[in-house]
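Student: Could you take a close look at one part of this model with me? I'd like the cut-offs behind the terms as we go.

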Amino acid sequence: MTDGAVGSTDRVLRDIALWTASLVRQFPELAEELAPGRRSPVETTPAAPHPGRDDLIREERREALLLQQRHGLAVPGHGAAPIRMHVSDAIRDITDGVVELEEAVRARLGLPRPGRAPVVERLRRTTALLDEIAGHPDLARHVRDELRRMARRCARTLGDTETVVRVSGRCPWCDSVSLRAFPDRRAVLCVNPACVCADEVCGCQDDPAYRHLWPEERWGELADASGTRTEDIEAAMEETPC
């Protein structure tokens with residue numbers, strides 16, 4: 001494997017770790033949303049779904065199936081679940097997705113079918129196989145794509161809005177002043193939707209919603225390439241959201 005391929009795989013594995021951590025942290029909160037007596041923030045009935053939200057989630061399910069077909073990782077016997085707009089459906093969707101993902105990963109690696117376990121435990125079992133997954137770049141990318149999709153679904157269902165802070169400098173890939181700090185993730189992203197890099201395995205190549213990400217250990221690299229300073233990035237993580 002070339003140095004470039006190793007670097008690309010390492011980036012995909014870092015993404016897997018980030019999206020897994022997000023799901024492990026937030027998925028249990030979905031169950032809390034179903035707890036009896038839980039009140040909405042304004043102590044009223046829940047607001048009506050945002051226009052177009054149903055279509056968005058339907059599109060996500062289509063995307064998930066296409067990703068499985070593209071990577072040859074669809075698990076026999078599993079299909080798209082009916083789409084309904086409430087928390088219980090999000091729980092079902094993510095639970096099914098995690099089960100399918102673990103089964104597909106273990107089947108691809110030639111491992112026995114996994115035993116029953118809660119979602120968080122299944123996620124941890126899958127990430128424990130990262131060294132083996134790293135040997136199959138297409139598998140690693142599929143795992144990254146599926147975890148990203150489910151983490152987005154989970155966050156959107158919980159109504160989370162992530163803090164975003166402007167960062168000085170220009171994106172090394174698109175030369176746009178579109179760098180933003182995301183303190184919750186301790187990461188910097190390029191938010192320009194037209195940004196596409198030269199890495200053939202990067203998510204921006206086939207996912208318009210993907211954004212380039214520089215985790216904390218790569219801030220020095222980003223600073224050298226973008227014209228900002230690591231001190232400025234660190235300060236942005238503590239600033240008031242833009």
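Student: Let's start with a single residue and work outwards: where is Asp-175 placed?

Tutor: Asp-175 sits in the loop between β1 and β2. Its phi is positive, about 60°, although it isn't a glycine. Before we go on, a word on the basis: this is a predicted model, where local features need pLDDT of at least 70 and side-chain atom pairs count only at pLDDT 80 or more, while totals for chains, interfaces and linings use all residues. Residues are numbered from 1 along each chain as its sequence is written, and side-chain values use heavy atoms, with hydrogens and water left out.

Helices (H or I, at least four residues) and strands (E, at least two) are DSSP runs, numbered from the N terminus. The protein has 8 helices and 4 strands, and from the N terminus on they run α-α-α-α-α-α-β-β-β-β-α-α.

Now the sheet around that loop. Two strands pair if DSSP finds at least two bridges between them. The 4 strands form an open sheet with antiparallel pairing, in the order β1-β2-β3-β4. At its edges are β1 (165-166) and β4 (213-215), each pairing on one side only. The antiparallel match of β1 with β2 (residues 179-182) covers 2 bridges, and Val-165 has Ala-181 in β2 as its bridge partner.

Arg-180 belongs to β2 too. Buried means under 20% relative accessible area, exposed over 50% and partly exposed in between, with a 1.4 Å probe and protein chains only. Arg-180 comes in at 12% relative accessibility, so it counts as buried. Its C-alpha atom is 5.1 Å from that of Val-167, although the two residues are 13 apart along the chain. For the whole protein, 44% of the 242 residues are buried.

What lies over the sheet? Helix α7 (residues 219-226) lies across β2, β3 (187-190) and β4, running at about 130° to β4. For such angles, axes are lines fitted to C-alpha atoms, for helices over the stretch in contact, and the values run from 0 to 180 degrees between N-to-C directions. Trp-219, Leu-222, Ala-223 and Ser-226 are the buried residues in α7. They're on the same side of α7 because they cover an arc of only 100° around the axis, the arc being that of the directions from the helix axis to the C-beta atoms. Contact means heavy atoms within 4.5 Å, and the cover over those residues includes β2, β3, β4 and α8 (230-236). Right after α7 comes Gly-227, with a positive phi near 90°.

For another helix with a buried side, try α4 (residues 119-127), where Val-119, Val-120, Arg-122, Leu-123 and Thr-126 are buried. These fall within an arc of 160° seen down the axis of α4, so they line one face of the helix.

One last number on contacts: of those in the protein with a separation of 6 or more, 64% are between residues 24 or more positions apart.
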